[in-house]
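Welcome! Please open the sequence and the 3D view, and work through the exercises below at your own pace.

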Amino acid sequence: MLRLTWVQPEDLLGHELRQARLDGREPAAVEARWRAAGGPDAPERAGASPHRVSRYLRLLAEDLLDELADLPSRFADDEPTDLARIRSQCPDWPTGRSATAPDPRALEAAWLGRAIGCLLGKPVEKLPLDGIRALARAAGNWPLTTWFTARGVPDDLLATHPWNRRSAATSLAENIDGMPEDDDLNYPLLNLLLLQRHGRTFTTDDVARLWLDELPPGRTFTAERVAHRNLLCGIEPPHTARHRNPFREWIGALIRADMHGWSNPGDPAAAAEQAHRDAVLTHTANGVYAAMFAAAAIAAAATGTHDVHACLRTGRAVVPARSRLAKAIDHAVRLATATDDFDDVVDELHAVHGQTHHWVHAVPNTALTVAALTHAGGDFTGSVCRAVSGGWDTDSNGATAGGIAGLLAGSPGALPDRWRAPLKNRLATTVADFDGTGFDTLAHLTHLEATRP
């Protein structure tokens with residue numbers, strides 16, 4: 001029996017009930033009907049429940065998804081998705097553009113940093129926080145300072161906290177042989193292709209067409225898979241982000257943001273606007289803000305003239321002031337600044353966000369990434385290790401932190417050899433003709449787009 005992940009209506013409904021509460025809706029009456037009919041909870045970790053439900057439950061789930069979408073939100077005024085309204089709620093929206101061109105060496109370090117952080121987080125993706133800590137401690141690698149390894153880890157611990165099934169063969173220290181394929185690298189490649197074909201004035205429709213041409217649906221997850229399905233059903237952007245899409249505030253748009261920052265060095269406003277046009281294909285509100293935040297912070301970092309704290313403040317300037325993401329970022333910065341032990345920072349973030357948010361939601365993951373970069377002061381190893389050691393979406397958080405910290409490091413040689421060497425300047429992917437491409441080549445291609453008139 002084929003149970004396709006992230007699209008079964010009966011699985012989407014449980015996620016939508018949680019998302020409705022988060023974005024200020026009142027789903028109690030809808031939930032009561034679902035429970036009375038025997039409807040299941042959303043899968044906790046996987047994208048699909050193991051068993052098919054009755055035709056009645058499936059049709060009911062579709063109807064209830066539509067009812068939930070029509071519920072009013074008390075956060076609607078404070079959390080818009082329209083760009084003009086977003087800007088109106090950002091009193092410190094960035095103005096002006098630096099004339100600084102990006103350094104190709106810094107762009108290579110950014111690509112490498114993104115790959116390293118992603119690869120570091122891959123074997124422990126989906127594991128609970130206590131499992132990540134136990135595995136690293138058993139290998140003598142806590143606080144985390146290098147790749148995860150199975151060497152020296154007791155079999156009973158591995159039975160309790162198994163490595164990510166798809167990643168262990170390519171992402172443990174003893175197995176790394178180049179950068180394996182991952183969606184956290186596929187999306188920057190797709191956005192490089194997007195800029196090559198359409199330039200920085202691309203539209204959301206251009207993103208949609210590119211995905212239909214170049215991105216197999218099986219390589220997508222959560223909001224991206226739902227948007228892909230919606231496109232094939234004839235639903236046009238930006239409605240693709242809303243129609244039966246409970247993942248619209250998850251992390252997917254955030255992991256697509258780096259190229260928008262890299263291609264707008266010194267112009268965080270343009271980077272944020274570019275990220276917005278990409279994000280609204282799949283996301284709304286805080287899911288969009290997370291992408292804009294990352295793009296603006298990266299655009300500031302690409303000048304080579306700001307420290308990580310200034311870059312994060314620039315990112316924060318494009319997030320609506322009264323939004324949930326703004327509050328989470330502000331809290332993360334305060335916490336990381338005032339707390340010596342990063343484990344304590346992580347424990348507090350999990351206490352605040354862990355019970356209410358799914359582990360892939362953009363709000364807690366952005367907060368953790370910001371806390372990691374702040375606590376490490378932008379140091380590369382400190383940033384990626386803190387981001388991954390904090391749990392939740394480990395590979396995506398490692399990738400975002402690594403991309404920013406790598407860019408700030410300024411050159412590949414500034415990244416420790418233990419991180420760079422196993423990647424062998426080689427990236428695996430199914431995107432276009434990029435399979436096997438080196439990070440130096442990707443930096444060159446990115447530089448061409450960043451300097452294109």
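Here are three exercises with worked solutions on this predicted model.

**Exercise 1.** Work out whether the length of α1 agrees with its expected span, and find how enclosed α1 is.

*Solution.*
- Step 1: Counting 1.5 Å a residue, the 14 residues of α1 should span 20 Å. The C-alpha atoms at its ends are 20 Å apart, so the two agree.
- Step 2: Of the 14 residues of α1, 12 are buried, so the rest of the structure largely encloses this helix. Among the buried ones are Leu12, Leu13, Leu17 and Leu22, and also Glu10, Asp11 and His15.
- Step 3: Now look at the cover over these buried residues: it includes α2, α3 (55-69), α11 (222-232) and α16 (324-338).

**Exercise 2.** Locate Asp23 and decide whether it is buried or exposed.

*Solution.*
- Step 1: Asp23 sits in the loop between α1 (9-22) and α2 (28-36).
- Step 2: The relative accessible area of Asp23 is 7%. Buried means under 20%, so Asp23 is buried.
- Step 3: Setting aside neighbours within four places in sequence, Asp23 is in contact with Ser73, Phe75, Arg248 and Arg324.

**Exercise 3.** Which residues have the most contacts inside the largest nonpolar core?

*Solution.*
- Step 1: The largest nonpolar core has 140 residues. Helix α14 (residues 285-301) gives the largest share of this core, 14 residues.
- Step 2: The residues with the most contacts inside the core are Leu120, Phe148, Met179, Leu349, Leu407, Leu423 and Phe439.
- Step 3: Take Phe439 and leave aside neighbours within four places in sequence: its contacts include Trp111, Leu112, Met179 and Leu423.

Key: Residues are numbered from 1 along each chain as its sequence is written. This is a predicted model: local features need pLDDT of at least 70, side-chain atom pairs count only at pLDDT 80 or more; totals for chains, interfaces and linings use all residues. Side-chain values use heavy atoms; hydrogens and water are left out. Helices (H or I, at least four residues) and strands (E, at least two) are DSSP runs, numbered from the N terminus. Buried means under 20% relative accessible area, exposed over 50%, partly exposed in between (1.4 Å probe, protein chains only). Contact means heavy atoms within 4.5 Å. A nonpolar core is a set of buried Ala, Val, Leu, Ile, Met, Phe, Trp, Tyr and Cys residues joined through side-chain atoms within 4.5 Å. The expected span of a helix is 1.5 Å times one less than its number of residues.
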